[in-house]
Amino acid sequence: MIQVKNLTKVFHDKKRGKITAVNNIDFHCQRGQIFGLLGPNGAGKTTTLRILATMMAPTSGEVLVNGYNVVKAAHKVRQNIGFLSGETGLYDRFTPRETVRFFGKINGMSENEIDKGMTQIFQILGMKHFQDVRVDKLSTGMKQKLSIARAIIHNPPVLIFDEPTVGLDVITARVVIEYIREFRNQGKCIIFSTHQMYEAEKLCDEIAIIHLGKLLSVGTLENLKKDVPVGDLEEIFFRLIEKESRI
Amino acid sequence: MNWNNIRLIYFKEISGAIRDRRTLISMIIIPLIFYPLLFLGIGYFTMMGQEKSDSLPSIVAVRGREHAPELMEILEKNEKIDLVYFEENPEKALEAGKIYLLIEIPEDFNVNKSQEIPRNIVVQYDSTVQYSQVARRRVTNLIEDYRQQIIESRLEQLGLNVHYVQPIKTQWADISSEERKTGSILGMILPYIIVILIFIGAMHSAVDITAGEKERGTLATLLVSQLSRFEIVMGKYFTVITISATSMILGLIGLSIAFLTPAYALGELPLIKINFSFSIFFLFFLVLAPLVGLASAILLLIGIFARNNKEASTYVTPIYMGAIFLGMISLSQGIELAEPMFFIPILNNSFTFKELLIGIVNWKHILSTLISNIGIALIALFVAAYLFTRENVLFRS
């Protein structure tokens, strides 16, 4: 579903010069799988996911989403993805129903499809009781549910979640994680970035550890443990970073 | 480019804007209520001030009144002059505003009228006090009357007619119609007001739907949708145009109400008579439309370029000041633009409006204005659309 081959992204900053945010990384992610990008702030997770979501173009390398190239067939890629990030906001002056309807329409859905999809999603996410309340009156948890609804209304096979639990309280974060699991059960391909070890450990079928733009290791938790037999994911993570720093 | 997608963005932005109190204030309240009240208020208070100073008698002190009994008689007879004695320090009374004028008559004033040596009267007044200015006008007229009397009596003594010293009499006739006079006054103030209306109305929403979206993180959700970047920019552009045009039209309606109210809208204007032909009206809006398009494109460009609302406001301020400056040039009378100057946006509008309002249709000027404004608006719009595809602009931090 997602194939990332030799992906590199270089930024040019007037003060800092050339910055390689993503450095020649490779991974792939299957249908019905949660793939975690684990790394500290500034590791290159957001840049990678923005490239996957066609918001940015790679400097080199190739990225395919559901078989479509993110540069050559960006429009097709966008039909196949739902994107959610901790930074993405909502329109304060709209209600959840208006928000989801708008995003359904701009993703090419008919009114009937939107109505059907919206009823189903609002039911699953428990949003019915606040569906007509303006967004600026909603709690953080309600907003996050709406963000999820907005991202999945067009029923995309691929979901790209960039730190979706950042800034959320424990209860809301748990709800989000539950839904991510649910989407996997529905057969969607989910790529998920986080800097929280326990989240990655609990949720991901495969984990890629990324630091300063480089992919340090990728595989299932069991495989990572085999490669670096030091205990839990946190230990593996720090050991890999230390090793990288020595090089 | 899919028009349906542009329409989706457009209606989303418009419905967001009309739910935003700030947009409503700048788009509806300021042009439709605040500006008319401002103009009516200025007119009303100017009129009240004038009426009051015209109705009250001027308190005038005279030093040495015994030296000019004839002049005193003229002054005393006039009911708008209130002569008072202020033997002790009348200068201080003038300064304190207790009297409005101080006339000093020298001892040798009332000697033989036929003496051919001019006598001086010193009149002190305070130019910063309205009542003092009114008193000056009144006393000047009375002294002039007295002077005329002396001339006539001297001529009579010499056996000459008054026409002897008035060999030529000129009669002036103003050929301009009431409409033309109105057009001339409107031509001075209207371009300036229109520029303000166009910018004030659109400024907030142009920044809010671009830099504001970046700041709130909603822009990313649009970028990953099936809308193309160009469709998003166009949807937003039409939104800004709509808000700007609404603000301007409501402003013009508001000002028409103010000007047409017989409440002495501009102080000096008793009642504006608007009687433009349809073709002038059409041409006026033909020249106005690209200005709305231009202002909207520039504001959108700034909003897209800026990182956040605050930065956008910083960039918008000098642009707004520059626009006001160009609009203000029309306030000064007597300036005529050279042909190439009709390619400078806003300035060209001001002067084309001026011409149209007094009934002049100069196609060369109209075409220069249209070409320049449409051209620059298109360039600004394409730069805005280009910037909207640039990662370093959309994801600047």
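**View 1. The β4–β5 hairpin of chain A, in a predicted model.** Strand β4 (residues 60-65) of chain A is joined by 2 bridges to strand β5 (residues 68-69) of chain A, and the two strands run antiparallel. The model shown here and in the views that follow is a predicted one. β4(A) and β5(A) form a hairpin with 2 residues between them, and N66(A), which lies in the turn, has a positive phi of about 50 degrees. Within the pairing, L64(A) of the hairpin stands opposite N69(A) in β5(A).

**View 2. Strand β1 of chain A and its pairing with β2 and β4.** Strand β1 (residues 2-13) of chain A is joined to strand β2 (residues 17-29) of chain A by 9 bridges, with the two strands running antiparallel. β1(A) and β2(A) also form a hairpin, in which 3 residues lie between the strands, and Q3(A) is found opposite H28(A) in β2(A). β1(A) is joined as well to β4(A), the strand shown in the preceding view, through 5 bridges and again in an antiparallel arrangement. Two of the residue pairs can be picked out here: V4(A) stands opposite V63(A) in β4(A), and K5(A) stands opposite E62(A) in β4(A). In a regular strand the side chains alternate between the two faces of the sheet.

**View 3. The six-stranded open sheet of chain A.** In chain A, 6 strands form an open sheet with mixed pairing, and their order is β6-β7-β8-β3-β9-β10. The edges of the sheet are β6 (81-85) and β10 (214-219) of chain A, each of which pairs on one side only. Neighbouring strands of this sheet are turned against each other by 15 degrees on average, when direction is ignored. At the edge formed by β6(A), 5 bridges join this strand to β7 (residues 158-162) of chain A, and the two run parallel. In this pairing L84(A) stands opposite F161(A) in β7(A).

**View 4. Helices α1 and α6 of chain A lying across the sheet strands.** Helix α1 (residues 45-52) of chain A lies across β3 (34-38), β7, β8 (189-194) and β9 (206-211) of chain A, and it runs at about 150 degrees to β7(A). Helix α6 (residues 170-185) of chain A lies across β3, β7 and β8 of chain A, running at about 155 degrees to β8(A). The strands crossed by α6(A) belong to the open sheet of the preceding view.

**View 5. The packing of helices α3 and α5 of chain A.** Two packed helices are described by the angle between their axes and the distance between the axes. Helix α3 (residues 96-106) of chain A and helix α5 (residues 140-152) of chain A pack at an angle of about 25 degrees, with their axes 8 Å apart. α3(A) and α5(A) are therefore roughly parallel to each other, and their crossing is right-handed. The contact is formed by P96(A), T99(A), V100(A) and F103(A) from α3(A), together with L146(A), A149(A) and R150(A) from α5(A). Divided by class, the residues in the contact of α3(A) with α5(A) are 5 nonpolar, 1 polar and 1 charged.

**View 6. The crossing of helices α3 and α4 of chain A.** The axes of α3(A) and helix α4 (residues 111-125) of chain A come within 10 Å of each other and cross at roughly 130 degrees, which makes α3(A) oblique to α4(A). The crossing in which α3(A) passes α4(A) is right-handed. From α3(A), the residues R97(A), V100(A), R101(A), G104(A) and K105(A) make the contact, and from α4(A) the residues I114(A), G117(A) and M118(A). The contact of α3(A) with α4(A) comprises 3 nonpolar, 2 polar and 3 charged residues. V100(A) is named in this contact and also in the contact of α3(A) with α5(A).

**View 7. The contact between chains A and B.** In this contact 17 residues come from chain B and 23 residues from chain A. On the side of chain B that touches chain A, α1 (3-18) and α8 (219-223) of chain B each supply at least two residues, and α1(B) gives the most, with 4 residues. The residues on this side of chain B divide into 5 nonpolar, 7 polar and 5 charged.

**View 8. The two assigned domains of chain B.** The domain assignment of chain B gives domain 1 (3-48 + 179-394) and domain 2 (56-165). The C-alpha centres of domain 1 and domain 2 of chain B lie 54 Å apart.

Notes
Residues numbered from 1 in each chain as written. Chains lettered and ligands numbered in written order. Predicted model: local features only at pLDDT ≥ 70, side-chain atom pairs only at ≥ 80, totals over all residues. Pairing = 2+ DSSP bridges. Axes fitted to C-alpha atoms, helices over the stretch in contact; angles between N-to-C directions. Contact = placed C-beta atoms within 7 Å. Nonpolar A, V, L, I, M, F, W, Y, C, P; charged D, E, K, R; others polar. Parallel < 35°, antiparallel > 145°, perpendicular 65-115°, else oblique. Left-handed = near helix turned anticlockwise from the far one by under 90°. Domains from an automatic or database assignment.
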